[in-house]
Amino acid sequence: MSEMAINQVLAQMRSMAAEAGSESAADFSSFMKQSIDDVNQAMQSSREMATAFEAGDPGVSLAELMVTAQKASLEFQALSEVRNKLLTAYREVMSMQV
């Protein structure tokens, strides 16, 4: 990448950061915290349902248990992918030469 292109990218990043301000950073962090809490709740709910099914609770069907467990698994996988993408982006930004 040429020096001109890097300077353009940096200028765009600076202007976007100025537009975003600190408020959007707080919004993003609260959004991420809420997402993590939601995934945690789904995993706990799935675990509780599995425990109830193993104990022989007649109100929990195998199909319902499997759907809940699969949803929790998908939510966790999606959150893991978002985390991986954020780490990759952070590493790329940190390795940029200014």
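How far apart should the ends of the 34 residues of α2 be at 1.5 Å a residue, and how far apart are its end C-alpha atoms? I would like to start there, and I should say at once that what we are looking at is a predicted model. At 1.5 Å a residue, the 34 residues of α2 should span 50 Å, and the end C-alpha atoms of the helix are 49 Å apart, so the two values agree.

Let me step back to the whole chain before returning to that helix. The protein chain has two helices and zero strands, and the helices are α1, which covers residues 3-54, and α2, which covers residues 62-95. Of the 98 residues in the protein chain, 13% are buried, and the chain exposes about 7800 Å², with carbon and sulfur atoms supplying 60% of that area. When we take contacts between residues at least 6 apart in sequence, 55% of them join residues at least 24 apart.

Now to the buried positions of α2, which are L65, T68, A72 and L79. I will take two of them in turn, beginning with T68, which lies in helix α2 and has a relative accessibility of 19%, so T68 counts as buried, the cut-off being under 20%. If we leave aside its neighbours within four places in sequence, T68 is in contact with S45, S46 and M49.

The second is L79, also found in helix α2, and L79 likewise counts as buried because its relative accessibility is 19%. Not counting residues up to four places away in sequence, L79 touches M32, I36 and V39. For M32 we can also give a distance between backbone positions: L79 and M32 are 47 residues apart in sequence, while their C-alpha atoms are 9.3 Å apart in space.

Two further residues of α2 let us follow the same theme. R83 has its place in helix α2, and with 49% relative accessibility R83 counts as partly exposed. The C-alpha atoms of R83 and M32 are separated by 9.8 Å, although the two residues are 51 apart along the chain. L74 lies in helix α2 as well, and at 47% relative accessibility L74 counts as partly exposed. Its C-alpha atom is 9.4 Å from that of V39, a residue 35 places away in sequence, and V39 is one of the residues that L79 touches.

Let me turn to charge. Side chains of opposite charge can pair when their charged atoms come close. How many salt bridges does the count give here? The count comes to one salt bridge, in which the side chains of K33 and D37 meet at 3.1 Å, N to O. Both K33 and D37 lie in helix α1, four residues apart, which is about one turn of the helix. As for how open the two partners are, K33 counts as exposed because its relative accessibility is 52%, whereas D37, at 34% relative accessibility, counts as partly exposed.

Finally, I would like to point out a feature of the surface. Which residues form a nonpolar patch there? They are M13, Y90, V93, M94 and M96, and together they have about 500 Å² of accessible area. Helix α2 gives the most to this nonpolar patch, with three residues. M96, by contrast, is found in the segment after α2, and because its relative accessibility is 38%, M96 counts as partly exposed.

To gather the threads, then, we have a predicted model of a chain with two helices and zero strands, in which α2 carries buried residues such as T68 and L79 and gives three residues to the nonpolar patch, while the salt bridge between K33 and D37 sits within α1.

Technical notes
Residues numbered from 1 in each chain as written. Predicted model: local features only at pLDDT ≥ 70, side-chain atom pairs only at ≥ 80, totals over all residues. Heavy atoms only, no water. Patch = residues over 30% accessible without salt bridge, like charges linked within 9 Å, V, L, I, M, F, W, Y side chains within 5 Å. Areas by Shrake-Rupley, 256 points an atom, 1.4 Å probe, with all protein chains shown as cover. Salt bridge = Lys/Arg side-chain N within 4 Å of Asp/Glu carboxyl O. Buried < 20%, exposed > 50% of the residue type's maximum accessible area, 1.4 Å probe, protein only. Contact = heavy atoms within 4.5 Å. Expected span 1.5 Å × (residues − 1).
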